Amino acid sequence: MGLSWQQGPLSAGAIGHFLTPEPLPERLLFAERLRRRMRVRFDGTWIADSENVVLLHEPGRYPVAYFPRAEVDEQALVGSGKVTHHKDLGATAWYAVRTGERTTERAAWEFTALPEHAAELQGRVAFAWRAMDAFYEEDDRILGHAADPYHRIDIRSTSRTLEVRLGDAVIARSEHPVVLFESGFAPRWYVPRSDIDETRLRPVDDETFCPYKGLCDYYDIGEARRAAWTYRDAYREVDRICDLVSFEPDKVEVYLDGTRLRLEPGQNVISHGVDRGLDVDEVKAG
């Protein structure tokens with residue numbers, strides 16, 4: 001997603017390329033000031049609070065926020081003696097995070113031998129998303145990972161005809177679907193429920209969440225598992241897809257103006273790694 005994830009310009013699977021006479025390095029890292037107040041909560045305590053966060057983008061990873069040491073509760077950081085080596089940024093010292101009776105190992109880290117060109121990260125600490133209770137921008141909780149400022153979603157109406165089939169059965173047919181364009185992803189087509197044979201949709205007792213769109217519900221169709229999904233209560237910014245349904249083109253047949261769609265690079269969602277297993281109740285609580 002965004003700058004360095006999925007098919008973004010700094011990702012390994014970038015869909016485009018830079019127009020330069022010389023080849024670029026295989027890995028490009030990008031750091032920038034976030035220009036948003038960001039806070040971290042652990043065990044009911046604010047352990048970091050800064051308007052001077054630096055966001056680091058690395059290929060194949062969601063962005064990571066780095067806080068100045070001066071704006072982190074030093075009492076919460078406990079040196080572990082563990083040092084690893086980052087392939088681009090050198091020695092990495094790891095910390096446990098402790099408040100009161102609660103301690104979580106390998107919950108924060110700091111680069112301690114940065115090359116000169118990466119001095120912007122000197123004296124900064126990052127926190128493992130899995131290990132913290134919550135991250136906030138101002139007073140709004142951010143779910144899943146640090147928000148990528150280069151991530152964008154555009155939703156467009158279209159008069160093209162979308163048809164979804166499974167064998168001889170027509171699951172959906174719409175002359176007014178909407179298409180969602182999301183940074184780093186191939187287009188996704190959404191259909192109003194009035195254009196769907198909902199008797200074919202079997203709800204799945206499983207949900208996931210997207211930091212940009214909200215809580216996602218899935219459907220099986222016949223023997224095709226998780227072949228469709230919906231955001232029943234999509235975030236306000238993307239409410240045009242609220243309660244519409246989209247279909248996986250590798251699990252059912254999806255036709256656009258008579259041409260069958262195939263799974264494209266950028267449609268398979270890759271697990272983003274640095275996250276913790278939020279449960280549905282916690283996501284709904286925000």
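In this predicted model, the sulfur of Cys216 lies 8.4 Å from the closest cysteine sulfur, which belongs to Cys210, and this is too far for a bond. A disulfide would require the two sulfur atoms to be within 2.5 Å. A search of the whole structure finds zero disulfides. Cys210 is accordingly in no disulfide, with the sulfur of Cys216 as its nearest cysteine sulfur. Both cysteines are shielded. Cys216 has a relative accessibility of 1% and counts as buried. Cys210 is also buried, with a relative accessible area of 6%.

The overall architecture was examined next. The protein chain contains one helix and 22 strands. Its C-alpha trace spans about 65 × 55 × 30 Å along the principal axes. The chain has 286 residues, and buried residues make up 50% of them. Among contacts with a separation of 6 or more, 53% come from residues 24 or more positions apart. The chain exposes about 14,800 Å². Carbon and sulfur atoms supply 47% of that area.

The largest nonpolar core holds 38 residues. Within this core, Met38, Phe67, Val97, Phe127 and Met132 touch the most other members. Several strands feed the core with at least two residues each. They are E2 (38-42), E3 (45-50), E4 (54-57), E5 (64-68), E7 (90-99), E8 (102-111) and E9 (124-127). A second core is separate from this one and has 20 residues. Leu162, Ile171, Phe247 and Leu256 are included in the second core.

Charged pairs were then surveyed. The count comes to 25 salt bridges. Asp154 takes part in two of the pairs described here, one with Arg152 and one with Arg156. The closest N and O atoms of Asp154 and Arg152 are 2.7 Å apart. For Asp154 and Arg156, the corresponding distance is 3.7 Å. The three residues differ in exposure. Asp154 is buried, with a relative accessible area of 18%; the cut-off for this class is under 20%. Arg152 is exposed, at 53%. Arg156 is partly exposed, at 43%.

A further salt bridge links Lys213 and Glu182, with the closest N and O atoms 2.8 Å apart. Lys213 lies in the loop between strand E17 (202-210) and strand E18 (214-221). Glu182 belongs to strand E15 (residues 178-182). The pair therefore ties together parts that are 31 residues apart in sequence. Both Lys213 and Glu182 are buried.

Salt bridges with shared partners also join Arg27, Glu58, Arg61 and Asp88 into one network. Glu58 was considered in more detail. This residue lies in the loop between E4 and E5. Its relative accessibility is 7%, so Glu58 counts as buried. A polar contact of 2.8 Å joins the side chains of Glu58 and His86. With residues up to four places away in sequence left out, Glu58 touches Ser4, Arg27, Leu29 and His86. Arg27 thus appears both as a contact of Glu58 and as a member of the salt-bridge network.

Backbone geometry was inspected last. Most residues other than glycine have a negative phi. Asp43 has a positive phi, near 55°. Its position is the loop between E2 and E3. At 34% relative accessibility, Asp43 counts as partly exposed. Arg226 likewise has a positive phi, near 50°. Arg226 is placed in strand E19 (residues 224-230). Its relative accessibility is 27%, and Arg226 therefore counts as partly exposed. Neither residue is a glycine.

Methods: Residues numbered from 1 in each chain as written. Predicted model: local features only at pLDDT ≥ 70, side-chain atom pairs only at ≥ 80, totals over all residues. Heavy atoms only, no water. Core = buried A, V, L, I, M, F, W, Y, C linked by side-chain atoms within 4.5 Å. Buried < 20%, exposed > 50% of the residue type's maximum accessible area, 1.4 Å probe, protein only. Helix = DSSP H or I, 4+ residues; strand = E, 2+ residues; numbered from the N terminus. Salt bridge = Lys/Arg side-chain N within 4 Å of Asp/Glu carboxyl O. Contact = heavy atoms within 4.5 Å. Areas by Shrake-Rupley, 256 points an atom, 1.4 Å probe, with all protein chains shown as cover. Polar contact = N/O pair within 3.5 Å; in protein donor to acceptor, adjacent residues only side chain to side chain.
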